[in-house]
Amino acid sequence: MSGSKVRLNTEWLCDCGGCHVAIVDLHEKMLQVLQSVEILKCPVLTDEKDYPEADIGIVTGSVRTEHDREAAIAMRQKCKTIIAFGTCAVYGGFHGAGLAHSREEIMDHVYRHSPTTKTDTLPNNSISALGKMVTPIDEVIEVDLYLPGCPPHSHFILEGLSSLINRTAPRVHKETVCAGCHRVMKKTAVTEIQDPTSSYADGETCFLSQGFICQGSVTLDRCLAPCPNHGIACSGCAGPTMQVLSEPTRDLRTEISERMSRLTKIPYETIKTHLEKSAKTHYAYAMATKMIGNKPTFLIRKWIAEREAR
Amino acid sequence: MLEMTIHENSCRGCQLCLDVCPTDCFVFDEQTQKARVAVVENCIACLSCAYICPSMAIRHKDYHQVKNFYRNIEFSSRMEKFL
């Protein structure tokens with residue numbers, strides 16, 4: 001291996017492994033990347049248990065267990081540039097929904113009352129202890145760059161990595177999923193919120209116009225909009241847009257309600273209440289980040305408790 | 001001189017910008033079914049259109065930025081780091 005290559009470490013924390021698969025999704029472009037990158041540690045490729053010194057460190061997943069915390073700190077110590085890679089690393093990800101439950105509830109549900117197993121034993125000390133909270137990695141270590149997405153589309157991975165290697169400004173945009181969606185947004189006379197499990201949406205018109213909840217307009221485009229273009233409403237997997245994150249008074253539910261109430265005849269308050277009732281679903285990907293959790297108008301624990309008390 | 005642009009490919013034709021603009025800067029192009037900036041001179045840089053646009057396709061350049069005192073400074077400082 002040439003000494004002039006950029007050394008790369010990757011590490012996964014609490015995640016599904018999809019972000020590492022997304023790197024493999026570079027396909028032939030992987031060869032182009034490997035011309036200037038030397039992979040030293042990668043859980044799916046190398047048997048490296050230690051943390052070698054590297055230039056770039058890609059960390060995927062959030063911090064949920066003690067092991068995650070130690071691995072994140074070790075990566076920070078050995079890598080010059082740390083990229084928080086994927087929604088879990090940037091915002092805490094899907095398992096941020098675990099914050100709505102206590103540790104005991106989670107352990108009981110997974111190990112004791114799981115509908116698919118018959119065992120009734122909690123794991124012993126051979127696995128890493130579950131931390132008190134789910135946190136994005138930037139609450140544990142200093143992060144240099146963020147690349148959200150669940151997983152980020154290979155287009156953005158290549159752009160990010162090549163700009164880092166070539167020391168150029170990345171040509172990534174800050175537009176939302178709507179920007180890449182082909183559906184036509186138009187004003188309609190729809191008066192009720194539609195349930196996607198019991199009715200079909202027309203393939204040419206925007207979901208919001210038809211009364212279906214879609215998070216495309218409040219989600220950063222790091223996916224090239226595959227879901228809405230294939231008939232599935234956006235679930236917000238790449239995390240909120242910059243305006244939702246930076247403005248405390250703007251929120252997923254208020255932004256969607258404002259746009260949807262202008263496109264349809266459904267009142268603003270009806271949509272907002274509907275979103276609050278299904279908060280655990282709609283805030284799932286970014287619930288663990290303080291940028292969402294500390295919003296003055298954000299009462300997700302209350303909404304979920306109300307929902308589950310019924 | 002203030003500039004305002006709409007990223008054409010991103011516009012979904014919802015006309016929300018026409019609805020919210022207090023100074024009628026936009027027109028709807030029936031042929032392309034997309035919004036277009038008609039009179040940029042009218043723009044007072046309230047940024048209502050930039051905020052309502054579902055695609056975030058509207059950009060302003062060279063305007064006097066009024067800094068919100070309630071903006072989340074901690075996160076705003078991280079935005080530069082987004083790939």
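Patches here are built from residues with over 30% relative accessible area and no salt bridge, joining like charges within 9 Å and nonpolar side chains (Val, Leu, Ile, Met, Phe, Trp, Tyr) within 5 Å. Trp12(A), Val44(A) and Leu45(A) make one such nonpolar patch on the surface, with about 290 Å² of accessible area together. Those areas come from the Shrake-Rupley method with a 1.4 Å probe, and for residues only the protein chains shown count as cover. Trp12(A) belongs to strand 1 (residues 6-12) of chain A; helices (H or I, at least four residues) and strands (E, at least two) are DSSP runs, numbered from the N terminus. Its relative accessible area is 32%, so Trp12(A) is partly exposed; buried means under 20%, exposed over 50%, and partly exposed in between (1.4 Å probe, protein chains only).

Keep in mind that this is a predicted model: local features need pLDDT of at least 70 and side-chain atom pairs count only at pLDDT 80 or more, while totals for chains, interfaces and linings use all residues. Residues are numbered from 1 along each chain as its sequence is written, chains are lettered from A and ligands numbered from 1 in the order in which they are written, and side-chain values use heavy atoms, with hydrogens and water left out.

**Salt bridges**

Taking a salt bridge as a side-chain nitrogen of Lys or Arg within 4 Å of a carboxyl oxygen of Asp or Glu, the whole structure has 14 of them over all chains. Here are some of them:

| Acid | Base | N to O distance |
|---|---|---|
| Asp55(A) | Arg7(A) | 3.2 Å |
| Asp55(A) | Lys80(A) | 3.2 Å |
| Glu142(A) | Lys81(B) | 3.6 Å |

The Glu142(A) and Lys81(B) pair joins two chains, because Glu142(A) lies in the loop between strand 6 (130-135) and strand 7 of chain A and Lys81(B) in the segment after helix 3 of chain B. Glu142(A) is exposed at 51% relative accessibility, and Lys81(B) is partly exposed with 23%. Back in chain A, salt bridges that share partners tie Arg7(A), Asp55(A) and Lys80(A) into one network.

How exposed are the members of that network? Asp55(A) is buried, with a relative accessible area of 17%. In the salt bridge between Asp55(A) and Lys80(A), distant parts of the chain are linked: Asp55(A) is in strand 3 of chain A and Lys80(A) in strand 5 (residues 79-85), 25 residues apart. Lys80(A) is exposed, at 58% relative accessible area, whereas Arg7(A) is partly exposed at 27%.

**Rings**

Rings of Phe, Tyr and Trp (its six-membered ring) pair if their centres lie within 6.5 Å, with planes under 30 degrees apart counting as stacked, over 60 as edge-to-face and the rest as tilted. That rule gives 3 aromatic pairs over all chains. One of them is Tyr146(A) with Phe82(B), which is stacked because the centres are 5.1 Å apart and the planes at 15°. This pair also crosses between chains, from strand 7 (residues 145-147) of chain A to the segment after helix 3 (73-76) of chain B. Both partners are tucked away: Tyr146(A) is buried at 3% relative accessibility, and Phe82(B) is buried at 5%.

Charges meet rings too, and a charge sits over a ring if NZ of Lys or CZ of Arg is within 6 Å of the ring centre and within 35 degrees of the ring normal. Lys41(A) lies over the face of Tyr51(A), 4.5 Å from the ring centre, and the charged end of Arg183(A) sits over Phe207(A), 4.0 Å from the centre of that ring.

**Helix 10 and chain B**

Helix 10 (residues 252-263) of chain A has 12 residues and reaches 17 Å from its first C-alpha to its last, close to the expected 16 Å, where the expected span is 1.5 Å times one less than the number of residues. With 9 of its 12 residues buried, helix 10 of chain A is largely enclosed by the rest of the structure. Among the buried ones are Arg253(A), Glu255(A) and Arg259(A).

Chain B has 3 helices and 4 strands, running β-α-β-β-α-β-α from the N terminus. Its C-alpha trace spans about 45 × 25 × 20 Å along the principal axes, and 45% of the 83 residues of chain B count as buried.

**Backbone oddities**

Most residues other than glycine have a negative phi, and most peptide bonds are trans. Cys150(A) and Pro151(A) are joined by a cis peptide bond, with omega about -15°. Gln15(B) has a positive phi near 65°, and Asp62(B) has one near 55°.
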